[in-house]
Amino acid sequence: MPRPTRVHEIVAAATKLFSELGFQGTSVRAIAEAAGMQSGGLYSHFPSKEALLHHIVIETHKRQRAAVVEVQESDLEPEAKFRAAFLAHVSSNFEVGAASAPRIFLTEWRHLTGQELEDVLDQRRAYEQLWDDIIGEAIDAGVFRKSMDPHTARLITLSVGNWAIMWFNPKGRQSVREVFDKVADEMLQGFLTP
């Protein structure tokens with residue numbers, strides 16, 4: 001197996017520390033030490049701690065979005081598409097990068113400012129639109145209730161999927177699919193046309 005690149009080592013160290021100590025509680029020196037380098041060496045790869053956080057958040061988001069876009073572009077029927085997209089969303093929270101990357105992606109991004117924050121907000125809006133399209137397709141097809149508010153349905157769906165990182169153990173007795181297929185069943189009971 002090839003040796004990880006310096007960037008990968010820095011990202012892994014920062015991801016672990018940001019998850020354990022938070023963005024504000026993590027120093028550049030601590031990241032550099034965890035990556036086995038001097039503080040100045042980190043700056044040859046990332047101009048700032050914020051740029052490193054931005055990199056982690058954007059890369060995590062790209063992987064998650066790609067998983068859901070693949071489902072959205074499929075020929076699945078609307079109910080099956082919603083279920084598959086939900087499972088892709090949740091699964092990506094457990095499959096991306098270091099084990100703590102999703103937590104950083106979901107919580108620590110708020111420490112970004114300026115253009116880096118705008119980049120993340122643009123990515124989030126595009127991801128939310130992707131979900132609005134999936135839910136809207138199901139409403140338009142008469143599969144989901146016409147009276148359902150797509151915005152609320154998206155918030156419920158993403159909140160349930162995102163909160164999973166706080167309580168679900170992917171190394172436990174049941175797989176992501178086993179648990180979250182049941183969760184999708186429960187959500188769909190509220191969304192489907194009677």
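**Helix packing and salt bridges in an all-helical model**

Helix α5 passes helix α7 in a left-handed crossing. In this predicted model, the axes of the two helices, α5 and α7, approach within 8 Å and cross at roughly 155°. Because angles over 145 degrees count as roughly antiparallel, α5 and α7 are assigned to that class, each running roughly antiparallel to the other. Helix α5 covers residues 78–95, and helix α7 covers residues 114–140.

Helix α5 also packs against a second partner, α8. The axes of α5 and α8 come within 9 Å, with a crossing angle of roughly 30°. Angles under 35 degrees count as roughly parallel, and α5 and α8 are therefore described as roughly parallel to each other. The handedness of this crossing, in which α5 passes α8, is right-handed. Helix α8, comprising residues 150–167, is in turn paired with helix α9, comprising residues 176–191. For α8 and α9 the axes come within 12 Å and cross at roughly 155°, so that these two helices are roughly antiparallel. The crossing of α8 and α9 is right-handed.

These pairs belong to a fold with 9 helices and 0 strands. Read from the N terminus, the order of elements is accordingly α-α-α-α-α-α-α-α-α. The C-alpha trace spans about 60 × 40 × 30 Å along its principal axes. The protein has 194 residues, of which 44% count as buried. The extent of the trace may be illustrated by one pair of residues: R29 and F191 are 162 residues apart along the chain, and their C-alpha atoms are separated by 49 Å. R29 is located in helix α2, which comprises residues 28–34. With a relative accessible area of 55%, R29 is classed as exposed, because the exposed class begins over 50%.

Electrostatic pairing was examined next. Side chains of opposite charge can pair when their charged atoms come close. A search of the whole structure returned 10 salt bridges. One of these joins K62 to E59, with the closest N and O atoms 3.4 Å apart. Both residues, K62 and E59, lie in helix α4 (residues 49–72), at a spacing of 3 residues, or about one turn of the helix. K62 is partly exposed, with a relative accessible area of 44%. E59 is likewise partly exposed, at a relative accessible area of 26%.

R125 takes part in salt bridges with two acidic residues. With D122, the closest N and O atoms of the pair are 2.6 Å apart. Because R125 and D122 are 3 residues apart in helix α7, about one helical turn separates them. With E118, the side chain of R125 meets its partner at 4.0 Å, N to O. R125 has a relative accessibility of 44% and counts as partly exposed. Its partners fall in that class as well: D122 is partly exposed with a relative accessible area of 41%, and E118 counts as partly exposed at 35% relative accessibility. A further set of charged residues, R83, D181 and D185, is linked in a network of salt bridges. R83 falls within the residue range of helix α5, 78–95, while D181 and D185 fall within that of helix α9, 176–191.

The surface also carries a nonpolar patch, formed by W163, M166 and W167. Together, W163, M166 and W167 present about 390 Å² of accessible area. W167 is placed in helix α8, the helix whose axis crosses those of α5 and α9. The relative accessible area of W167 is 46%, and this residue is therefore partly exposed, the partly exposed class lying between the limits of under 20% for buried and over 50% for exposed.

Terms used:
Residues are numbered from 1 along each chain as its sequence is written. This is a predicted model: local features need pLDDT of at least 70, side-chain atom pairs count only at pLDDT 80 or more; totals for chains, interfaces and linings use all residues. Side-chain values use heavy atoms; hydrogens and water are left out. Patches are made of residues with over 30% relative accessible area and no salt bridge: like charges are joined within 9 Å, nonpolar side chains (Val, Leu, Ile, Met, Phe, Trp, Tyr) within 5 Å. Accessible areas come from the Shrake-Rupley method with a 1.4 Å probe; for residues, only the protein chains shown count as cover. Helices (H or I, at least four residues) and strands (E, at least two) are DSSP runs, numbered from the N terminus. Buried means under 20% relative accessible area, exposed over 50%, partly exposed in between (1.4 Å probe, protein chains only). Axes are lines fitted to C-alpha atoms, for helices over the stretch in contact, and angles run from 0 to 180 degrees between N-to-C directions. Angles under 35 degrees count as roughly parallel, over 145 as roughly antiparallel, 65 to 115 as roughly perpendicular and the rest as oblique. A crossing is left-handed if the near helix is turned anticlockwise from the far one by less than a right angle, and right-handed if clockwise.
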